[in-house]
Amino acid sequence: MTPAVFILGGYQTDFARKWSREGLGIADIITEAAQGALADADVTADQIEVGHVGNFIGELLTGQGHLGGILVEADKAFAGMPVARHEAACASGSMAIMAAMADIESGRYDVALVVGAEEMRSRSGFDVAQMLGSAAWVPRETAGVQFPWPQLFSELAQEYDARYGLDPAYLAALAESNFTNARSNAHAHARDWEMPKNVFGRDDPGNPAVSGWIRKQDCSQVSDGGAAVVLASPAFTERWATAHAKRLADIPRITGWGHTSARMTLRDKLADAKDKELVFPHVQQAMQQALGRANSKDVFDLDLVELHDCFTSTHYMAIDHLGITEPGQSYQAIEDGTVLAGGRLPLNPSGGLMGGGHPVGATGVRMLVDASKQVSGQAGQTQVESARRAGTLNIGGSATTVAAFVVEA
């Protein structure tokens with residue numbers, strides 16, 4: 001058994017904000033997220049002993065690398081603090097969290113600050129799509145492809161259709177769920193969008209095709225933003241709880257984690273799993289690792305899950321891989337409302353990546369922030385009633401990197 005890792009506080013920037021329009025950039029995003037988490041945790045910068053930054057392609061999008069040094073610039077008291085930057089495509093933030101957890105569990109440090117950040121809207125949509133393709137195998141999967149990720153995740157939908165049958169209406173229902181949930185999230189990219197019914201179906205003017213199965217509203221958002229959490233050891237948290245007149249039992253903690261990696265190309269993954277029940281067995285494995293470490297018998301021990309809906313096909317895949325339904329039967333949990341708002345296991349009450357936004361390096365950290373707010377009853381209009389245990393599922397690339405956490409209070 002390793003020591004518990006507590007979440008003392010967390011912060012998310014406004015994912016609808018376009019920072020370059022204000023003459024600001026990635027350093028400003030990191031600073032706001034860091035300072036917001038410190039304030040929410042009510043700890044001072046000089047109490048932070050180590051920092052970790054999750055970021056995917058800061059160099060390509062902004063020209064700025066060495067983001068550990070940029071975090072040091074967020075507060076004068078950070079000077080001299082050890083900081084590392086972590087990259088695993090869309091799972092970069094989760095890798096930063098795991099590194100911080102290892103620091104605390106090993107006893108090396110007692111208090112860590114994790115920041116995930118990405119500035120994506122200072123470039124054209126086409127440029128961003130091309131740069132995001134670097135999370136695939138270049139050029140094997142990207143040569144001559146205008147929009148690599150819509151095409152690859154269309155192939156995931158095609159695989160589901162070939163194996164089990166897939167009605168596009170279920171993908172549309174997941175998109176509608178995410179965008180509807182986002183309307184209650186004060187930080188969501190799409191919170192103010194008007195979304196008439198025809199934008200979720202196969203209506204070409206309302207929801208134009210991007211690639212194969214994937215249409216405009218099947219896609220997550222290109223967002224700017226950051227998220228940050230303050231993580232602490234049991235010894236520090238006990239002192240902190242006493243000083244803040246809080247019960248240790250009420251403070252969110254990470255009780256389970258999972259981490260798996262698979263082959264780089266989507267087609268190799270699909271070929272490896274052609275005789276298996278699930279399309280991505282390693283995705284299920286990561287979530288089972290997290291649930292097992294949290295002493296949970298199955299996913300229904302959770303009250304909600306924040307998962308990686310970079311596309312509706314990914315969201316659909318996650319349902320059966322989490323164990324909510326039998327393999328290939330994800331549609332059942334949509335039909336009966338299990339995974340929708342008010343259901344037995346609501347997914348993405350925040351609006352997810354589709355409605356909430358997807359600044360790539362921030363996503364894994366944002367999920368953890370939302371999970372911690374949910375289990376401590378501080379999630380505002382997105383609060384799931386009586387939530388005390390939440391899960392997250394974050395993937396990088398075509399599920400090449402998978403990370404999962406269980407958070408409870």
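Which residues does Leu-322 touch, leaving out those up to four places away in sequence? Keep that one in mind while reading these notes; the model is a predicted one.

1. Let's take the question straight away. Leu-322 touches Met-287, Val-299, Val-305, Leu-307, Leu-347 and Leu-393, with residues up to four places away in sequence not counted.

2. Leu-322 also has a place in the bigger picture. The largest nonpolar core has 60 residues, and Leu-322 is listed with Phe-280 and Ile-324 as having the most contacts inside it. Helix H6 (residues 148-164) gives this core its largest share, 6 residues. There is a second, separate core too, with 32 residues, among them Phe-6, Ala-74, Ala-117 and Ala-228. As background, nonpolar side chains in soluble globular proteins tend to be buried together.

3. Next, have a look at helix H8 (residues 234-243). Its buried residues are Phe-236, Thr-237, Trp-240 and Ala-241. Looking down the axis of H8, you find these buried residues within an arc of 130°, so they line one face of the helix. Over on the other side of H8, Arg-239, Thr-242 and Ala-243 are exposed.

4. What do the buried residues of H8 pack against? Their partners are H1 and three strands: E1 (5-12), E4 (111-118) and E7 (225-232). Just beyond the helix, keep an eye on Ala-245, which follows H8 and has a positive phi, near 55°.

5. Ala-41 is worth a stop as well. This residue is found in helix H1, which covers residues 26-41. Is Ala-41 buried or exposed? Ala-41 counts as buried, because its relative accessibility is 0% and the cut-off for buried is under 20%. Leaving out residues up to four places away in sequence, Ala-41 touches Leu-8, Gly-9, Val-230, Trp-240 and His-244. Trp-240, one of those contacts, is also one of the buried residues of H8. As for Ile-7, it lies 34 residues from Ala-41 in sequence, yet their C-alpha atoms are 8.4 Å apart in space.

6. Last, a helix pair. The axes of helix H4 (residues 92-105) and helix H14 (residues 363-375) come within 5 Å and cross at roughly 65°. That crossing makes H4 roughly perpendicular to H14. Where they meet, H4 brings Gly-93, Ser-94 and Ile-97, while H14 brings Gly-364, Val-365 and Leu-368. Sorted by class, the contact of H4 with H14 has 3 nonpolar residues, 3 polar ones and no charged ones.

How values were computed:
Residues are numbered from 1 along each chain as its sequence is written. This is a predicted model: local features need pLDDT of at least 70, side-chain atom pairs count only at pLDDT 80 or more; totals for chains, interfaces and linings use all residues. Side-chain values use heavy atoms; hydrogens and water are left out. Helices (H or I, at least four residues) and strands (E, at least two) are DSSP runs, numbered from the N terminus. Buried means under 20% relative accessible area, exposed over 50%, partly exposed in between (1.4 Å probe, protein chains only). Contact means heavy atoms within 4.5 Å. A nonpolar core is a set of buried Ala, Val, Leu, Ile, Met, Phe, Trp, Tyr and Cys residues joined through side-chain atoms within 4.5 Å. Axes are lines fitted to C-alpha atoms, for helices over the stretch in contact, and angles run from 0 to 180 degrees between N-to-C directions. Angles under 35 degrees count as roughly parallel, over 145 as roughly antiparallel, 65 to 115 as roughly perpendicular and the rest as oblique. Ala, Val, Leu, Ile, Met, Phe, Trp, Tyr, Cys and Pro count as nonpolar, Asp, Glu, Lys and Arg as charged, and the others, Gly among them, as polar. The arc is that of the directions from the helix axis to the C-beta atoms.
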